[in-house]
Amino acid sequence: VSNSEVSVRRTAAIIKSSDPVLETYFADEQKASSKRSAELSTQITALLQSPAEKAVWQKTNAARADFLTSRGLVMQAKKDGQAEQASQLFDQRFVPAVKSMDDGLQSLLEFQQKAIDDTASGITAIYQTSRLWLLALAMVALACAISCAWLLSNSITRPLHQAAVLAKNVAGGDLTISLASRSRDEIGDLSLETQAKLLRVL
């Protein structure tokens, strides 16, 4: 049960009862409820950031002020012994003020829920985009790794193949073949050594 519903029931009980002690009985409870509502209002006001939120809350506070005013008028009419006027004020002023205040609070809740949903959607979109970028980078890294592996393998196997062809041709009696190597590593040294041996044979 919301605080406003309790207030409606309490006020209705006071104006419809013929017991004058009832208002005094609920007086402390009403003061405590009003104080707590004021504290919550201050806390909520400090938490609001966007202009739209503040605008919704401003309308809710205006409705709350009307609620407090109408409740005071109802109580005063009851206190003055004007039961019929108190009943009319309750139905025509107090109850609509409570509904307006509740509608304002509901609007604020819906606004904040939408803001939370929008933030969640934004986080999801960022996550999905980041995942796509990571997949793309992984594919690029894989392609680079494959290319590097192919180049490295080719730089090793091609000179070895050429040296093997040279050795085979020399073994077959073809001494005119030459082996050109631009490599400066161990494979290049092997090619040059093979070429040197061929020249010594010639």
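Biologist: What links Phe67, Phe90 and Phe94 into a cluster?

Modeller: Ring pairs link Phe67, Phe90 and Phe94. The model is predicted, so local features require pLDDT of at least 70 and side-chain atom pairs count only at pLDDT 80 or more, whereas totals for chains, interfaces and linings use all residues. Residues are numbered from 1 along each chain as its sequence is written, and side-chain values use heavy atoms, with hydrogens and water left out.

Biologist: How many aromatic pairs does the rule give?

Modeller: Rings of Phe, Tyr and Trp (its six-membered ring) pair if their centres lie within 6.5 Å; planes under 30 degrees apart count as stacked, over 60 as edge-to-face, and the rest as tilted. By this rule there are two aromatic pairs.

Biologist: Why is the pair of phenylalanine 67 and phenylalanine 94 called tilted?

Modeller: The ring centres of phenylalanine 67 and phenylalanine 94 are 5.4 Å apart, within the 6.5 Å limit, and the 35° between their planes is neither under 30 nor over 60, so the pair is tilted. Phenylalanine 67 belongs to helix H3 (residues 51-79) and phenylalanine 94 to helix H4, so the pair ties together parts 27 residues apart in sequence. The helices named here are DSSP runs (H or I, at least four residues; strands are E, at least two), numbered from the N terminus.

Biologist: Are phenylalanine 67 and phenylalanine 94 buried or exposed?

Modeller: Phenylalanine 67 and phenylalanine 94 are buried. Buried means under 20% relative accessible area, exposed over 50%, and partly exposed in between (1.4 Å probe, protein chains only).

Biologist: What makes the pair of phenylalanine 90 and phenylalanine 94 stacked or tilted?

Modeller: The ring centres of phenylalanine 90 and phenylalanine 94 are also 5.4 Å apart, but their planes meet at 25°, which is under 30, so this pair is stacked. Phenylalanine 90 and phenylalanine 94 both lie in helix H4, four residues apart, about one turn of the helix. An α-helix has 3.6 residues a turn, so residues three or four places apart point the same way.

Biologist: How do you know that the length of helix H4 agrees with its number of residues?

Modeller: The expected span is 1.5 Å times one less than the number of residues. For the 89 residues of H4 (residues 83-171) this gives 132 Å, and the end C-alpha atoms are 128 Å apart, which agrees.

Biologist: Where does H4 bend?

Modeller: H4 bends by about 40° at phenylalanine 90. The bend is the angle between axes fitted to the seven residues ending at a residue and the seven starting there. Buried residues of H4 include Ala86, Leu89, Val98 and Met101.

Biologist: Why is threonine 60 called buried?

Modeller: The relative accessible area of threonine 60 is 2%, which is under 20%, so it is buried. Threonine 60 is placed in helix H3. Apart from neighbours within four places in sequence, threonine 60 is in contact (heavy atoms within 4.5 Å) with Met101, Gly104 and Leu105.

Biologist: What makes aspartate 66 and arginine 93 a salt bridge?

Modeller: A salt bridge is a side-chain nitrogen of Lys or Arg within 4 Å of a carboxyl oxygen of Asp or Glu. The closest N and O atoms of aspartate 66 and arginine 93 are 3.0 Å apart, so the pair qualifies. Aspartate 66 lies in helix H3 and arginine 93 in helix H4, so this pair ties together parts 27 residues apart in sequence. Aspartate 66, at 29%, counts as partly exposed, as does arginine 93, at 31%. The whole structure holds four salt bridges. Among them is the pair of lysine 99 and aspartate 103 (3.0 Å, N to O), four residues apart in helix H4.

Biologist: Why is lysine 99 called exposed and aspartate 103 partly exposed?

Modeller: Lysine 99 has 52% relative accessibility, which is over 50%, so it counts as exposed. Aspartate 103 has 39%, between the two limits, so it is partly exposed.

Biologist: How many disulfides does a search of the whole structure find?

Modeller: The search finds zero disulfides, a disulfide being a pair of cysteine sulfur atoms within 2.5 Å. The cysteine sulfur closest to that of cysteine 144 is in cysteine 148, 6.4 Å away, so it is too far for a bond.
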